[in-house]
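Work through these exercises with the sequence and the 3D view side by side. Try each task before you read its solution.

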Amino acid sequence: MNARFTPSLPPQAFLIDLDGTLVDTVGDFVAVLTRTLADLGLPAVSRDWVLQAVGRGSEQLIRAALREVGGDAGLYETAWARYQAHYLQLNGQASDLFPGTVEGLDLLKAQGLPMACLTNKPARFARDLLAAKGLSGYFDRVFGGDDFERKKPDPLPLLKTCEALGVAPRDAWMIGDSSNDAQAAHAAGCPVVLLRHGYNHGEPVDAVPALAHLDRLDLIGRLLAP
């Protein structure tokens, strides 16, 4: 935990990322990309590569994967269509909840405050994954990367989500796992809590300024205690 970052007021809402924060979804991304690239006659990308590439939305992930394996950029539209089809079929099959996710969400829900899942994953994939993992009931709203004109690390998704929840950005805690979440939160004026078990492009997330850095979501109770 970073003692330098202390909230001036108790939170009034929670905005929570999905991939790398609540659910370890790298296996899903690897399986979907493997099938997508195979459909195009291209080699697979490695799990280590995926770990460093995820986080900025599916469109950028596909473009980066094509570059990584030497695929023509003109294949993007076909790749995107195949990616969506495979993701709908495989979503959640190779992913697991991080330890402490359910307990942490229970702690947050017990605060009686509005909660939104805010992810760069396409909204349909996000809602299907939450349902598959039994997490849908925790959230008042779910917003994906295709719900807004821009994605995290742009602050727009956070600002729009705060508006939807009826809270000021300074009163909403962003809970995520990467510099994307932190950059968006800082720009929007939201306090941010970062989890160490996520996907921060291969870099230690402790180097990213935050209210706190936690090993598990259920440790957030330390910040909520009176």
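Four exercises follow, each with a worked solution.

This is a predicted model, in which local features need pLDDT of at least 70, side-chain atom pairs count only at pLDDT 80 or more, and totals for chains, interfaces and linings use all residues. Residues are numbered from 1 along each chain as its sequence is written, and side-chain values use heavy atoms, with hydrogens and water left out.

**Exercise 1. The whole protein**

Task: Describe the overall build of the protein.

Solution.
- Step 1: Count the elements. The protein has 9 helices and 8 strands. Helices (H or I, at least four residues) and strands (E, at least two) are DSSP runs, numbered from the N terminus.
- Step 2: Check the size. A compact globule of 226 residues would have a radius of gyration near 17 Å, and the protein agrees because its value is 17 Å. The radius is taken over C-alpha atoms, and the globule rule is 2.2 Å times the number of residues to the power 0.38.
- Step 3: Get the spans. Along its principal axes, the C-alpha trace covers about 55 × 35 × 30 Å.
- Step 4: Look at burial. Of the 226 residues, 52% count as buried. Buried means under 20% relative accessible area, exposed over 50%, and partly exposed in between (1.4 Å probe, protein chains only).
- Step 5: Look at contacts (heavy atoms within 4.5 Å). Among those between residues at least 6 apart in sequence, 67% join residues at least 24 apart.

**Exercise 2. Helix H8**

Task: Is helix H8 largely enclosed or open, and which elements cover its buried residues?

Solution.
- Step 1: Locate H8. This helix runs over residues 179-188.
- Step 2: Judge the burial. H8 is largely enclosed by the rest of the structure, because 7 of its 10 residues are buried. Among them are Ser179, Asn180 and Asp181. Ala182, Ala184, Ala185 and Ala188 are also buried.
- Step 3: Find the cover. It includes helix H7 (156-165), strand S6 (172-176) and strand S7 (192-195).
- Step 4: Inspect the ends. At the start, a side-chain oxygen of serine 178 reaches to within 3.2 Å of the backbone nitrogen of asparagine 180. Just after H8, glycine 189 has a positive phi of about 90 degrees.

**Exercise 3. The loop between S7 and S8**

Task: Where does the side chain of asparagine 200 reach?

Solution.
- Step 1: Place the residue. Asparagine 200 lies in the loop between S7 and strand S8 (212-214).
- Step 2: Check its burial. Asparagine 200 is buried, with a relative accessible area of 7%.
- Step 3: Follow the side chain. It reaches the backbone nitrogen of serine 179 at 2.7 Å.
- Step 4: List touching residues. Beyond those up to four places away in sequence, asparagine 200 touches Asp177, Ser178, Ser179, Val205 and Val208.
- Step 5: Add leucine 211, found in the loop between S7 and S8. Leucine 211 is buried at 6% relative accessibility. Leucine 211 and valine 192 are 19 residues apart in sequence, with their C-alpha atoms 5.6 Å apart in space.

**Exercise 4. Helix H3 and arginine 56**

Task: Which helices pack against the buried residues of H3?

Solution.
- Step 1: Name the buried residues. In H3 (residues 58-68) they are Ser58, Leu61, Ile62, Ala64, Ala65 and Leu66.
- Step 2: Find the partners. These residues pack against helix H1 (26-39), helix H2 (47-53) and helix H4 (76-90).
- Step 3: Go past the end. Glycine 70 follows H3, with a positive phi near 80 degrees.
- Step 4: Step back to arginine 56, in the loop between H2 and H3. Arginine 56 is partly exposed, at 32% relative accessibility. Leaving aside neighbours within four places in sequence, its contacts are Asn120, Lys151, Pro153, Asn180 and His201.

Key:
A polar contact is a pair of N or O atoms within 3.5 Å; within protein, one must be able to donate a hydrogen and the other to accept it, and residues adjacent in sequence count only if both atoms are side-chain atoms.
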